[in-house]
Amino acid sequence: MDEQRSEAVTEAFVRLYKEGLIYRDIRLVNWDCTLRTAISDIEVDRVDLKAETLLEVPGYSNPVQFGVLTSFAYPLEEGLGEIIVATTRIETMLGDTAIAVHSQDERYKHLHGKYAVHPFNGRKLEIICADDLVKATFGTGAVKITPAHDSKDFNVGKQHNLDFINIFTDDGNINENGGPQFEGMPRFTARAAVIDALKEKGLYRGMENNEIELGRCSRTNDIVEPMIKPQWFVNCNTMAKAALHAVKSKEIEIIPPQYEQDWYRWLENIRDWCISRQLWWGHRVPAWYVTLEDDKEKDMGSYIDHWIIARNKSDAVLEAKQRYPEKKYQLDQDPDVLDTWFFSWSFPPNCTWLAG
């Protein structure tokens, strides 16, 4: 954290940004509701549950139920009846924006392009086809889609131009998007409340054991929540391809050789690296946001093209003046810090290159 190395970290970020390898985007991240920050994949412990399991969760006085599949019905428009879906995270139905079926499933062909109605807010949910996601032979063959809280649903949401509705606050409570009936409830308290509310409306269809993989933060033991957030990312594709080629061409040898498969498994399924964190300690992201006087949206980050990446505030001010001549604006540095692994990666063997 001394001055020389802090400058090296900033230099690495600026150079990678200018090379197009660092970018800003709104994507799903691993969110820890206890720390109130994004965390990396390596900080997530994967726990396999074979059936119903009660687990202690930080912030909850009673154990929380996991490892079950809850079924419920969505009413359909036009008097077409109902469509039954199932989920391991019933509370996320408050953010559903579609229902997916397989295009060749005869049970639902007459529903393609039709709509279900959300029982708690009246939102219309289109019946869409997503053959890569839905298996006609699993469950009811109909899948609820919550693009803002599930990685597979996120991709479907992008493909079908669905609404992305975040229903959680940073500390894991239901926000205003979840509706007044549930707003303010902790997410796992809402889990039970949603089931009760579905029962009252006659839409609850049952619960059964279900094998799942659960993510827990290695530091807090909290249940990791997929959350859609604007963050800074590093494009890892080029680096992953180079690393794969090095092993396949025997330029690098992995000993013992059976671990080559782990190498391929990791790098062939690489995802871009979220490097920003919402913590108090660390290297500050060297990014400044320009809020123009005539901007309609005043929240930081509302306009992706208003970000300035610079080595210091003086350079950021100079670029802002050049980019927005004769305009009144406010300049604020991003409060986020960089993932520890981003700046620790920057040194051996690159310290001399970055500092020089």
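## Strand partners and helix packing

Q: Which residue in β12 is the bridge partner of valine 68?
A: This is a predicted model, in which local features need pLDDT of at least 70, side-chain atom pairs count only at pLDDT 80 or more, and totals for chains, interfaces and linings use all residues. Residues are numbered from 1 along each chain as its sequence is written, and side-chain values use heavy atoms, leaving out hydrogens and water. Helices (H or I, at least four residues) and strands (E, at least two) are DSSP runs, numbered from the N terminus. With five bridges joining β6 (residues 68-75) to the antiparallel β12, the partner of valine 68 in β12 is asparagine 209.

Q: Which strands stand at the edges of the sheet with the order β7-β6-β12?
A: This open sheet has three strands with antiparallel pairing, where a pair needs at least two DSSP bridges. Two of its strands have a single partner each, so one side of each is left without a neighbour in the sheet; these edge strands are β7 (82-87) and β12 (204-209).

Q: At about what angle does helix α3 run to β12?
A: Axes here are lines fitted to C-alpha atoms, for helices over the stretch in contact, and angles run from 0 to 180 degrees between N-to-C directions. Helix α3 (residues 187-200) lies across β6 and β12. Its angle to β12 is about 140 degrees.

Q: Which strands of the sheet with the order β18-β17-β19 does helix α6 touch?
A: The sheet is open and its three strands pair antiparallel. Its neighbouring strands are turned by 30 degrees against each other on average, direction ignored. Helix α6 (residues 313-323) packs on the sheet at about 130 degrees to the direction of β18. Through contacts (heavy atoms within 4.5 Å), α6 touches β17, β18 and β19.

Q: Which residue in β18 stands opposite tyrosine 289?
A: Strand β17 (residues 287-292) and β18 run antiparallel and are joined by three bridges. Across from tyrosine 289, in β18, stands tryptophan 307.

Q: How many residues of strand β1 are buried?
A: Buried means under 20% relative accessible area, exposed over 50%, and partly exposed in between (1.4 Å probe, protein chains only). β1 (residues 22-32) runs antiparallel to β14 (residues 225-234), with 10 bridges between them. β1 is mostly covered, and of its 11 residues the buried ones number eight.

Q: Which residue in the turn between β1 and β2 has a positive phi?
A: Three bridges join β1 to the antiparallel β2 (residues 37-39), and aspartate 32 stands opposite threonine 37. The two strands form a hairpin with four residues between them. The turn residue with a positive phi, of about 60 degrees, is arginine 36.

Q: What distance does helix α1 reach from its first C-alpha to its last?
A: The expected span of a helix is 1.5 Å times one less than its number of residues. For the 16 residues of α1 (residues 3-18), 22 Å is expected. The model comes close to that, reaching 23 Å.

Q: Is α4 roughly parallel or antiparallel to α5?
A: Helices α4 (residues 237-248) and α5 (residues 260-268) pack at about 160 degrees, with axes 9 Å apart. Angles under 35 degrees count as roughly parallel, over 145 as roughly antiparallel, 65 to 115 as roughly perpendicular and the rest as oblique. The contact includes Ala240 and Leu244 of α4 and Trp263 and Leu267 of α5. The packing angle therefore makes α4, relative to α5, roughly antiparallel.
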